[in-house]
Amino acid sequence: MTVPNEIVDTKHVLEYVEHLDYVNRIALAGHSQGGVVASMTAGELGTQKVKALVLMAPAAVLREDAIRGQIFGVHYDPLNPPEIIDVRDHKVGAAYVKTAQTLPIYETASQYQGPAYMIHGTGD
């Protein structure tokens, strides 16, 4: 799993949903990494497809954390990440880290010019 392939998956879901008879507008919402996926997808598709965006504690620092070599307090060599990083009850692969280091999160998300609502705590 990487953010780019989650964006591809989101686009497939949107392609399906937009053809349902009872759907006339689509909004995206996402929490944490889902906020990154939602905002980047909205930035790529624009307001013709995404009418509104809701972000809850979006993990927009995901790229910077990967470059620094940390994920949820676990540290690793960012230039040579291990094949598997144990994070809490999950395993994160090196491909995830290497991809995260190159994500144009802010550049892509900022292309979305529609209504957006963000909820983010000060202690996050």
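Helices here are DSSP runs of H or I with at least four residues, and strands are runs of E with at least two, both numbered from the N terminus. With that in hand, the loop between β2 and α3 is easy to find in this predicted model, and A57 is the residue to look for there.

Let's start with the overall layout. The protein has five helices and seven strands, and from the N terminus on they run α-β-α-β-α-β-β-β-β-α-α-β. Measured out along the principal axes, the C-alpha trace spans about 50 × 30 × 25 Å. Of the 124 residues, 39% are buried. Among contacts with a separation of 6 or more, 66% join residues that sit 24 or more positions apart. As for the outside, the protein exposes about 7700 Å², with carbon and sulfur atoms supplying 55% of that area.Next comes the empty space. Rolling a probe the size of a water molecule over the atoms shows where such space is left. The largest pocket has a volume of about 950 Å³. Its lining takes in 39 residues, and S32, Q33, A59, A60 and L62 are the ones nearest the centre. Several elements each give two or more residues to this lining: the helices α2 (33-45), α3 (62-68), α4 (94-100) and α5 (105-109), along with the strands β2 (52-56), β3 (70-71), β6 (90-93) and β7 (116-119). Sorted by type, the lining residues come out as 25 nonpolar, ten polar and four charged.

Helix α2 deserves a look of its own. It has 13 residues and reaches 18 Å from its first C-alpha to its last, close to the 18 Å expected at 1.5 Å a residue. Is this helix mostly covered or mostly uncovered? It is mostly covered, with ten of the 13 residues buried. Those ten are Q33, G35, V36, V37, A38, S39, M40, T41, A42 and G43. They pack against quite a list of partners: the helices α1 (3-17), α3, α4 and α5, plus the strands β1 (27-31) and β2. Just after α2, G46 takes a positive phi of about 80°.

Within helix α2 sits T41. What does T41 touch, leaving aside residues up to four places away in sequence? The answer is I7, T10, K11, L14 and L28. T41 counts as buried because its relative accessible area is 0%, and the cut-off for buried is under 20%.

Finally, there are a couple of backbone oddities to point out. Most residues other than glycine have a negative phi. A57, however, has a positive phi, near 45°. Back in the loop between β2 and α3, A57 is at 16% relative accessibility, so it counts as buried. R88 is another residue other than glycine with a positive phi, in this case near 55°. R88 belongs to the loop between β5 (84-87) and β6. Is R88 buried or exposed? R88 is exposed, because its relative accessible area is 67%, and the cut-off for exposed is over 50%.

Note on methods:
Residues numbered from 1 in each chain as written. Predicted model: local features only at pLDDT ≥ 70, side-chain atom pairs only at ≥ 80, totals over all residues. Heavy atoms only, no water. 1 Å grid on protein atoms, 1.4 Å probe; cavity = no way out; pocket = protein on both sides within 12 Å on 5 of 7 lines; lining within 4 Å. Points joined across faces, edges and corners; volume = space filled by probe spheres on them. Nonpolar A, V, L, I, M, F, W, Y, C, P; charged D, E, K, R; others polar. Expected span 1.5 Å × (residues − 1). Buried < 20%, exposed > 50% of the residue type's maximum accessible area, 1.4 Å probe, protein only. Contact = heavy atoms within 4.5 Å. Areas by Shrake-Rupley, 256 points an atom, 1.4 Å probe, with all protein chains shown as cover.
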